[in-house]
Structures are given as C-alpha cells and as structure tokens.
Amino acid sequence: MKILVTGGTGYIGSHTVVELQQNGYEVIIIDNLSNSYLSVVDNIEKITGIKPVFEQIDLRDETKTNEFFKKNQNIAGIIHFAALKSVGESVEKPLDYYQNNILSLINILKGQIEFKINNFVFSSSCTVYGQPDELPVTESAPIKKALSPYGHTKQISEEIIKNTSSNANINGILLRYFNPIGAHESVHIGELPIGTPNNLVPFITQTAIGKREMLKIFGSDYNTPDGTAIRDYIHVTDLAKAHVVAIGRLINKKNREKTEVFNLGTGNGFSVLDVIKSFEKISGLNLNYKFVDRRSGDIERVWADTTFANKELGWIAEKNLDKMMLSAWKWEQALEQVKRNK
Ligand code: NAD
Ligand code: UFG
C-alpha cells in the first residue's frame, strides 16, 4: 500500500518513513529540501534496506504538485509534514510562513480531491492551544489566539482540513505534537538543524560537544517549581509510530469522525532544568549554562492529556526523559564522528 509522505526527508518525516516501511507500506517522499538533505533517503535505506521513492517538488507549485498526482496513482493515504517550523523566523517573515504552509496544504488537498485519495494525516502542534487554562491539556481545550504566525498557520490549517473533509470524501487525522526530541537508535537519521538551533535539546547537545559555548536558559522566573518553563518532550520514534497507527486507522475506516484530533505527548511535563539534569546524568558531563531573560512568545507550561490517543489509537509513548536524552546525545556524537572522518 502506497503512502505519500510530504516533508519525508525532514526530522519527523524521516523517522516516520522508517516506521512505515518497517510496517510494510511503500513510501513516496515529496520534499523541496529547503530544510533537509537528499542523503537522508540513503540513510533511511541503511536502516530499512528499502530506498523510498523521492521526488524533489516544492508544494507551493500547484502545477508540479498536480503533475505528481497524475503520475502517481493508487496512493492510499497522505501524511503531510512539509512546512516551515521556526517560531522565531515566522515572526520575522510571516508571509513566507503563510505562503509556504497554507499554499502547500491547499495544493495537497486539491490533489487529494481530484485523485480521490481519502486518507490524510496532518502534522499539527500543541502550539494551537497557546497557554492552556487547564493542564494536562485535552483535545477539546479552546484554541486561543496564536502567539506566532507559525502557530497561526497550524490553526488555519486545521480549519482548512476540517472544512475540506466535511465536503469531500476525505477523512483526516490532526496530530498535535508536543516537543519531539531524540533520534533513531541506529543514529543514521536524527535532527539536522541548519545553523544555530532554536530548540532546547539540540542546543544542549551542541554545547556539550563544543559547537556552542553556552546554553542560555530563557527565563528563571516562571511560576513553576524551579522557575524554568515546562514542556512535554516525546521521543521522535514514539511520535513516528503514532503516524503508522493513524494512517492504518484511516485506511481501515476505524475513525469515528471525518476529522479526528489527537494529542501526541507523554503526558509528563519537564522543566528546562529537569532536561539539563537528565542530560548531565546520562552523559556524565557538566553543561555550561546561564539564565537570561524569557524568550518572547514562549508559554510557561504545557503538557498533554494523552488519554484519548492512548485509548483510541492504542498507542503510548514508551521512552522516558533519560532515554530520550541519551538518544539525542548519541546522535550528536555520531554527527561529530562523521565530521572527523571527513
Ligand atoms: P523539518 O523542517 O525537519 O521537516 C519539514 C520538511 O518539509 C523539510 O524537509 C523541508 O525541506 C520540507 N518542506 C518545507 N516546505 C516545503 C515545501 N513547500 N515543499 C516541499 N517540502 C517542503 O521539520 P520537522 O521537525 O520534521 O516537522 C515536521 C512537521 O511537524 C512540520 O509540519 C512542523 O510544523 C510540525 N511540528 C514540528 C514540531 C517540532 O518541534 N519539530 C512540533 C510540532 C509540529
Ligand atoms: N529553551 C531555552 N534555551 C534554548 C532553547 C530553548 O531555555 O536555547 C527553552 C524554551 O524557552 C522553552 C523550552 O526550552 O521553555 C523548549 O523550547 P523549544 O524551542 O525546544 O520548544 P518550544 O516549546 O518553544 O517549541 C517547539 C517547536 C515548535 C512547536 C512546539 C510545540 O519549536 O515548532 O514545540 O510542539 F510548535
């Protein structure tokens, strides 16, 4: 059964391609390589023994996207990861974010309708909740005003999918990811941030390996037990596995609504200092860090109520924080080894 994975050479996409192939699906990747490398396709093959079909297409291009669908019939479902994802950059370049994330989605959905592809899984984010009033946050929590253009594109995208699926023969699953971290256990694939990482965990591992001088902890005066902000970190392989369940659920028509929404997290909140402590424990290193002002747009705390995903999808995130940090550290060390061998 053929699955189209857009953004499949990216961080979460590549891990999902591996899990799909290992569960017997045939995968076609579309990516414009704006934030990933072609070598990821070979690295996927190193893990699974199967090279996924790769098409370099910019999904903003309606004609090329349509030609792709004409050429590739019998696609059973689409998992749509392709998007720009940097919160800070979206504040500086909002139009790039609206254009890329919304146009790509529209072109994919038009292809779905024209070529009668019924199943659609979308990468959403817990950012759609803003700062929730109640924690853990459930899927029915109100969607608040987005704190960034990036977050707004996810809110708009969710609406576009709901509106489209209610009129067309499309069933959709919106997966709201919490904070994905770590890498595949083979260390053939992982997160490859281009330039200075914005996210906490790559910044920690790059500081520890000597690529960065010091981690800045954004804010020490939050209303949390240690004053630093709290997130729900989830291992990227656990996250990837949920996509296999989601696409299978749609293909097997187990979905209860035309559009279903699931939180994907562990259900546990950890502060920035908890994450650093875990890293120091698994690596045996002392991390160089200092406290600075809060980062604008950051929320204080969020973690998921995963009851619905656990019950309905029969899925549960398995890796704990130490395992996630160990996997992120092994990936950073593997990248360093590759650099030394060059
Ligand atoms: P990523 O940047 O590693 O992967 C996205 C991929 O999409 C990249 O390979 C990029 O080249 C490709 N892409 C972007 N625009 C494209 C276009 N117009 N046409 C074709 N390809 C295009 O990001 P990721 O971390 O793997 O995120 C995947 C999805 O999950 C995104 O939609 C992101 O918004 C969402 N998400 C990510 C996080 C996170 O923390 N990583 C959290 C919540 C949601
Ligand atoms: N942080 C630091 N120093 C850093 C980087 C981050 O202290 O150098 C802190 C942040 O202030 C925050 C926590 O670490 O409190 C996590 O920050 P990340 O940037 O790793 O993650 P965010 O929760 O800000 O956002 C991430 C993705 C978004 C996504 C969101 C929810 O970057 O795209 O998770 O899924 F929408």
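**View 1. The buried residues of helix H2 in this predicted model.** Here we look at helix H2, which spans residues 39-48. Its buried residues are Val40, Val41, Asn43, Ile44, Ile47 and Thr48. Seen down the helix axis, the buried residues of H2 fall within an arc of 165°, so they line one face of the helix. What do they pack against? The partners of these buried residues are H1, strand E2 (26-31) and strand E3 (53-56). Just after H2 comes Gly49, which has a positive phi near 80°.

**View 2. Val17, a buried residue of helix H1.** Now turn to Val17, which has its place in helix H1. Is Val17 buried or exposed? Its relative accessibility is 0%, so Val17 counts as buried. Leaving aside residues up to four places away in sequence, Val17 touches Val5, Gly8, Val27, Ile29, Ile44 and Pro52. One of these, Ile44, is also among the buried residues of H2 that you met in the previous view. Another residue from that group, Thr48, lies 31 residues from Val17 along the chain, and the C-alpha atoms of Val17 and Thr48 are separated by 9.5 Å.

**View 3. Ligand 1 and the residues around it.** There are 28 residues around ligand 1, and those that come nearest are Asp31, Asn35, Ser36, Phe81 and Tyr150. Sorted by character, the shell holds 12 nonpolar, 12 polar and 4 charged residues.

**View 4. Polar atoms beside ligand 1.** In the side chain of Asn35, an N or O atom is 2.7 Å from an oxygen atom of the ligand. The backbone takes part in this picture too: a polar backbone atom of Leu59 is 3.0 Å from a nitrogen atom of ligand 1, and a backbone N or O atom of Phe81 lies 2.8 Å from an oxygen atom of ligand 1. How much of the ligand does the protein bury? Taken alone, ligand 1 exposes 830 Å², and the protein buries 95% of that. The elements giving two or more residues to the shell are helix H1 (11-22), helix H5 (94-114), strand E5 (119-125) and helix H6 (149-167). Of the shell, E5 supplies the largest share, with 3 residues.

**View 5. Ser165, a buried residue of helix H6.** We finish with Ser165, found in helix H6. With a relative accessibility of 1%, Ser165 counts as buried, because buried means under 20%. Which residues does Ser165 touch, not counting those up to four places away in sequence? They are Ile170, Lys258 and Thr259.

Terms used: Residues numbered from 1 in each chain as written. Chains lettered and ligands numbered in written order. Predicted model: local features only at pLDDT ≥ 70, side-chain atom pairs only at ≥ 80, totals over all residues. Heavy atoms only, no water. Near = heavy atom within 4 Å. Polar contact = N/O pair within 3.5 Å; in protein donor to acceptor, adjacent residues only side chain to side chain. Areas by Shrake-Rupley, 256 points an atom, 1.4 Å probe, with all protein chains shown as cover. Helix = DSSP H or I, 4+ residues; strand = E, 2+ residues; numbered from the N terminus. Nonpolar A, V, L, I, M, F, W, Y, C, P; charged D, E, K, R; others polar. Buried < 20%, exposed > 50% of the residue type's maximum accessible area, 1.4 Å probe, protein only. Arc of directions from axis to C-beta. Contact = heavy atoms within 4.5 Å.
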